[in-house]
Structures are given as C-alpha cells and as structure tokens.
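Trainee: I should like to learn how to read a protein model step by step. May we go through one together?

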Amino acid sequence: MTVKSLARGLLKRSLRGAVATIGPLASVDDGPRILCYHGVSSEPPDEWSVTPAQLTEQMAIVCGEGSPVSLTHLVAWLLDGTALPERAIAVTFDDGYQDVYRYAAPILAKLKVPATAFVITGLCDGLPRDASYVPSRPTLTWDEVLALHRDGWTIGSHTLSHPILSQQSAADSARELSDSRRRLSEVLGHEVTLLAYPYGTRRTVSPRDHRLAEQAGYQAAFLDAVGSVSRRSPRFALPRCKVLGTDSQKVFRASLCGQLDLWRRIEDR
Ligand SMILES: [Zn+2]
C-alpha cells in the first residue's frame, strides 16, 4: 500500500464518519438492502475485511433493526412478488475466502442470519486467476463450499478467474459467466442462478456483461453499487452496499438506512 493510498483511505474514513455524524445527505431509505462483505479475519490484511468482533456487532444490528433474509428470498420478491419483511437485509460475501467458512459461518449460524458466498470456481479447481486479481489469503476448497451449502448458505458465482469483465472480449466474458455457473451447478447438484460481478463497479462491468449474464442462465446479478433494491431495479445490475473494516458502528448503521448513499456515490467516483 502506498503512502498516497493510505492517506486517501484515511481521508475517506474520516469523511464517512463525519457524514454519519452530521446526518442524512439524502432522505432515509428503508428499502431492502444487500450487504457486500469480503473476508473476515482477526488480523484484517486490508480494509475489505472485517474482524469477527465487528461482524458479530454488525449482525446484531441487522437482527435488531432489520429483518435478515436470504438472497434467494429477496430475488423471489423481485421475480414473482413473494412477500418480503420490512427492512429486509441480505448478507453476501465475495471472493470465497476460507476465513468466511472459519469465522463468518459460526457467527451467522448462531444469530440465524442467512448468507450467500460468491465463489471464484477456477480457484476451487486450482486454475490460474486473472492477472488483475490477487487474493489476500487462501480461498475455499470445494469441500468447504459444500459444507457451507449443507449449512444452508446460498452459493453463487463470482466467475471463473475474477477478471475485469468489461475489458474481456464478449466470448471470454461469456465463458467466465457460463462455465462458472455450469461448474457450480455440477458440484452442488442444482441450478445456480445468482452472480456477483468481479469488482462490480460501473467501470468494470458493462451493459454487454449484464446481457451476457442473462444469456448464461442467471436469474439476477449484483454490482458493488450502493443503494436499496426496488421492484424496478434492473435484475442484472442490482445494488449492494459494501461493508469495510474501517466502518465504525455509526457508519454501518447509517449505511443500512441509506444515510450514506449519496456520500458513497461521491466516494466511489
Ligand atoms: Zn471479488
């Protein structure tokens, strides 16, 4: 990490805290939300990871102030109008880090919070990762993916090799999306229908990739773009709110009700 990126991270963190203290920059929005986590580690290697203690506190807030639902439940509400509780919140983890199995799974099981892991299938198969992606620690084995699945986790695809899809040819992007879905469906023994795009920003995923995801047989796909989900949200570009290890409890609470949405949009530019 360079001094410049460290300073930038510190500045963002202080501004996030200040915005959460001052109050809403946008009206409070109680629509359904999807949280996007990455790793869970007692010694987080980067701001993309939270500690087990942070996750425990945050899940207690989710249970106390919202209604935890599975991502499949939330997607069923989108697709066919299945009833959804007030302030529904779905919890997801990207990249399939082993520490999600080790630390997050027991915490969520204890609090009965359903969750989804988006897995990079090529890494489970020992295939090379995309050059743009450097995992910060070990990723799940197939046995661990199956153990999560048996424990009630939803498993979705995070592609084969975690490339920047918008920089791939259409054929390569289609292969990343369909081969990973096929492989997961084969291992789990049922159709896999959910996808989280790698990186998930509007710069790294293009509308072409949204179409390719639909053609590959997914029912819904998720970005890393803040906001609540509505029945009008595009099914192949659904928002998720990232949770960072540098988020204080106050910032986490403010994110849950949309108080930080406008700020996060500015921050992500
Ligand atoms: Zn990822």
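Trainee: What percentage of the residues of the protein count as buried?

Mentor: Please keep in mind that this is a predicted model. A residue is called buried if 20 or more other C-beta atoms lie within 10 Å of its own. Of the 269 residues of the protein, the share that meets this criterion is 45%.

Trainee: How many helices and strands does the secondary structure comprise?

Mentor: Both kinds of element are present in the protein. The count comes to ten helices and ten strands.

Trainee: Is strand E1 mostly covered or mostly open?

Mentor: Strand E1 spans residues 33-37, and five of its five residues are buried. On one side these are Arg33, Leu35 and Tyr37, and on the other Ile34 and Cys36. Both faces are thus accounted for, and E1 is mostly covered.

Trainee: Which residue in E5 stands opposite arginine 33?

Mentor: E1 is joined to strand E5 (residues 88-94) by five bridges, and the two strands run parallel. Opposite arginine 33 in E5 stands isoleucine 89.

Trainee: Which residue is the bridge partner of cysteine 36 in E10?

Mentor: Strand E10 consists of residues 241-242. Two bridges join E1 to E10, and these strands run parallel. The partner of cysteine 36 in E10 is lysine 242.

Trainee: Which residue in E6 is the bridge partner of aspartate 94?

Mentor: E5 is also joined to E6, by four bridges, in a parallel arrangement. Strand E6 covers residues 115-119, with five of its five residues buried. Ala115, Ala117 and Val119 lie on one side of E6, while Thr116 and Phe118 lie on the other. The E6 partner of aspartate 94 is phenylalanine 118.

Trainee: Let us turn to the helices. Is H7 parallel, perpendicular or oblique to H8?

Mentor: Helix H7 (residues 170-188) and helix H8 (residues 207-215) pack at an angle of about 45°, with their axes 9 Å apart. Angles under 35 degrees count as roughly parallel, and those from 65 to 115 as roughly perpendicular. The angle therefore makes H7, relative to H8, oblique.

Trainee: How many nonpolar residues does the contact of H7 with H8 have?

Mentor: H7 contributes Ala170, Ser173, Ala174 and Leu177, and H8 contributes Arg208, Asp209, Leu212 and Ala213. By class, one residue of this contact is polar and two are charged. The number of nonpolar residues is five.

How values were computed: Residues numbered from 1 in each chain as written. Predicted model: local features only at pLDDT ≥ 70, side-chain atom pairs only at ≥ 80, totals over all residues. Axes fitted to C-alpha atoms, helices over the stretch in contact; angles between N-to-C directions. Parallel < 35°, antiparallel > 145°, perpendicular 65-115°, else oblique. Contact = placed C-beta atoms within 7 Å. Nonpolar A, V, L, I, M, F, W, Y, C, P; charged D, E, K, R; others polar. Buried ≥ 20, exposed ≤ 12 C-beta atoms within 10 Å, placed from the backbone. Pairing = 2+ DSSP bridges.
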